[in-house]
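Got your viewer open? Let's take a short walk through this one, one selection at a time.

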Amino acid sequence: MSLKAVPVISGDSLVLRGRPGPQGQPPRERILHLGDVTSPRLGTTTREDEAWAFESREFMRALAVGKEISFISTHSLPSNDDTPRDIGNAEIGGVDLASELLKNGWAKLKDVKREPNDEDIKKRELESEAKSAGKGLWNPHGPQARVVHHTMPEDSHAFVTEWKGKSIDAIVEQVRDGSTVRVRLLMPEGEHRIVNIALAGIRCARASMKQGEPSEPWGEEAKFFTESRLLQRAVRVQILSLPNSTATPFQTSANATAPSPASIFIGTVLHPAGNVAEHLVAAGLARVVDWHAGMLASGGGMERLRAAEKAAKEKRLCLYANAPAATATTKSDGTTSTGQTRAFDATVIRIWSGDQISVLEKDTGKERRLQLSSTRGPKNSDPKQAYYAQEAREFLRKKLIGKHVKVTVDFVRPREGEFDERECSTVRYGGQNANIAEQLVEKGLASVVRHKRDDEDRSSDYDKLMAAEQVAVTETRGIHSGKDIPAPKQPLNISETSARATQFLNGFKRLGKYQPLLTMLHPDRDSILNVLSGIRAPRTARNASEKSEAYGTESLEFASRRYMQRDIEFEVDTIDKSGGFIGSLYFNKTENVAIALVKEGLASVHSFSADSLPWARQLYDAEAEAKAAKSNIWSDYDEEAERAAEAQPVESETGPLKSEYLDVIVSDVRTNNGFSFSVQILNTEGIASLEKLMREFSVHHQSPTANLPGFTPRGGELVSAKFSDGAWYRAKIRRASPIKKEAEVVFIDYGNQDTVAFSNIRPLDPKFRSLPGQAQEARLSFIKLVGPESDYHQEAVDRFRALCENRKLVANIDHREGPLLHLRLMDPADPAAADDPYACINADLLRDGVAAIDRKGCKYLASYPQVVKKLQTSVAAAKRDRLGMFEFGDVEEDE
């Protein structure tokens, strides 16, 4: 019978195997023990090698493995695990194996009880010659001393650290399945180490390890494929890693206990004919293991495995016979399934997080929000990850914001639950076309998504990402460092109130130009509200109930795309009443943002504040340029019509208004941040509508459905808010503080202002939005109450309340300052009002010595000479009678 020798058990025992079946099925094995001779036995975990056992086995291995052997069975032994066993004679090409062993001294003749025949005599002579020559077992100097370790190293990590990447001669002793082998490492100093190796980059189906145990599909074929090529072949092994996959970020610890000994290493087993892992994949008998990419990146091993995998899938071999067809996320015309361009040039305009950006497509000017393919950034909402989330976002900002990039859309992730559809893309930048995701992962500022086995929706550079993560893990960078870094503190909003902003004003003015960031990228830094002086840009809607002014959206879009998240310089001049810092913003050291907006026709010059600026002339020149080009807000500008209008006498802004008498009620008086008040105009339709609305409003808020847990209001938003009387009213958010979980609100129907906890604020139902707010902000025409610095301030406020609060009055609008009404208030119950057309509460307050004529704030005084005369008479009377602030003399400012 003729079979092929596969492994050699010892010098006198071989495992033989026939040819594979027609479909590549593994043939059955049988064990042959050479008759009449005996060789030393190799050791196991429980006993040492017999003297010369390895050398004897090696002689037979080199002589027989992989060659056709003819044998004659002289005696059959009981089978072992269904494997036939025979005692007999074997030949290779007419050469008797037993004779060769005896001739070279690697076996001894057994004592036989039968009469010796010619063959026995010949073998005895061969043994005698070997003895005389001191060959093999008969060497008088004895066997070479060596230590054989039959178990894995106790300190697996130290072993990998010492031998990682180094080439070690070895012999494959056993094949457990197609991708797992047991090898004898022939260490440089003569020591032997038997270890288990999982082939790097692949995994085969599991093969049966004992009789009766089922194998996975294609498991036996993969095992046979590897056995037929590697078993007891001389190979070179490179140890690459331990089998633990990349540690999950933030779950490692710097104080972790020492790991237990490993039962297997990951490495490459190289035969002179090549890497069997690549051949297994090409035959469809193994799948590629993604997370091994980092180990194989340097030598191009992963690229070769991917190429082999692609070929096997195209041929639908073995494991890939039923593999799903790759989902086409792109069309033949270079667009995605959603009709978007697949590969395009763009400019990065915003960084959303450590793995999401927005870009402006170069050809179409369209903004597209992208997710970095196969990349997951740290979460800002997780305290353990918050620090790295900020670092990742800042890394992307510094590398990409405002930069030209090349984008390739790898796949489109469909909308799922609360997550919108995302274009998952590879983004490259710079002259080297560097993949920003790869750099992010290598610095330990992001992790790589583990895709499902047959999931083809992944980054085109997925293996490089895995290799970058391997580097980050090895060097314990960023999220893999095991360090617990506290979450950054919440930013302090310096512009939250005017009082807080005032504390910083002088410091900012002393700094001159300083460098804040036009975003809240650094939670450990303060945030401020910057207001550009000298210009007015169209307003944009802050909520669904508001409407943007013409070109408001375009103005906001221009500023966001050009300046958002850029490094800028800001020079502070003053603050406004809400805490905003008014000043100049500079981009790239020299570009004045206000001038740029005006030049684009997206803002107009505000003469009152612009005239005092050193660069006022540049503002006016920029506006003239925009008008000439009819840019944006000046698209309908008619220069001839403007000149004609300028040539005609027009009513001055400070001229008198036509008398307009209204019935009003002073609904709220405020003394914070100066004196102000609100009025309700008593037109029948508005008040009746408000009364009806409040009845429905009260019923609505008795229903539990009005509650919305976790609602966070935003500035400018219309809401329902609970007042101090326990009732709910319509309100508008002035500013909200997520840290304090409270907001400053204005009750739009009464004018009251209050600070309300988030728990007492709800979204305003759309059915209550149609009626405009019934409260109007107002101030007294011509006069101002004495300020808080005066001892008579409280008396002045009390007097105003006594004369006006919650009383039905008649008001005349003397001047309009935007939404602010300048009112002359008259009490219809006052007899003097019937006789004197200029009698008013404004004059009464002057007469009581608790107010003064506002010559600086009321530029329209000269337009009302008769009213001013009445006011001056009231002041003279107060001085004469020593009332109020004139109690100790004339304290009025010099006029």
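Start by selecting helix 19 and showing its side chains: H793, A796, V797, F800, L803 and C804 are the buried ones to pick out. Colour them and look down the axis: they span an arc of only 135°, so they sit on the same side of helix 19. It helps to recall that an α-helix has 3.6 residues a turn, so residues three or four places apart point the same way. Keep in mind as you go that this is a predicted model.

Now check the length of helix 19. It covers residues 793-804, 12 residues in total, and at 1.5 Å a residue that should give a span of 16 Å. The end C-alpha atoms are indeed 16 Å apart, so the two values agree. Step just past the end of the helix and click N806, where phi turns positive, at about 60°.

What does helix 19 pack on? To see, bring up the strands of a closed barrel: 5 of them, in the order 33-34-40-43-42, with mixed pairing. From one strand to the next, the twist averages 55°. Helix 19 packs on this sheet and touches strand 33 (661-670), strand 34 (676-681), strand 40, strand 42 (808-817) and strand 43. Compare directions while you are there: helix 19 makes about 140° with strand 33.

Zoom in on one pair within the barrel. Strand 40 (residues 775-780) and strand 43 (residues 820-826) run parallel, joined by 3 bridges. Select R779 and look across to strand 43, where its bridge partner is H822.

Next, the cysteines. How many disulfides does the structure hold? The count is 0. Try C204: the nearest cysteine sulfur belongs to C318 and is 11 Å away, and C204 is in no disulfide. C204 counts as buried because its relative accessibility is 2%. Then go to C840, which is in no disulfide either; its nearest cysteine sulfur is that of C804, 10 Å away. You have met C804 already, among the buried residues of helix 19. C840 is buried too, with a relative accessible area of 5%.

For the last stop, jump to helix 1 (residues 53-64) and select S56. Is S56 buried or exposed? With a relative accessibility of 0%, S56 counts as buried. Show what surrounds it: leaving aside residues up to four places away in sequence, S56 touches G11, S39, P40 and W106.

Notes: Residues are numbered from 1 along each chain as its sequence is written. This is a predicted model: local features need pLDDT of at least 70, side-chain atom pairs count only at pLDDT 80 or more; totals for chains, interfaces and linings use all residues. Side-chain values use heavy atoms; hydrogens and water are left out. A disulfide is a pair of cysteine sulfur atoms within 2.5 Å. Buried means under 20% relative accessible area, exposed over 50%, partly exposed in between (1.4 Å probe, protein chains only). Helices (H or I, at least four residues) and strands (E, at least two) are DSSP runs, numbered from the N terminus. The expected span of a helix is 1.5 Å times one less than its number of residues. The arc is that of the directions from the helix axis to the C-beta atoms. Contact means heavy atoms within 4.5 Å. Two strands pair if DSSP finds at least two bridges between them. Axes are lines fitted to C-alpha atoms, for helices over the stretch in contact, and angles run from 0 to 180 degrees between N-to-C directions.
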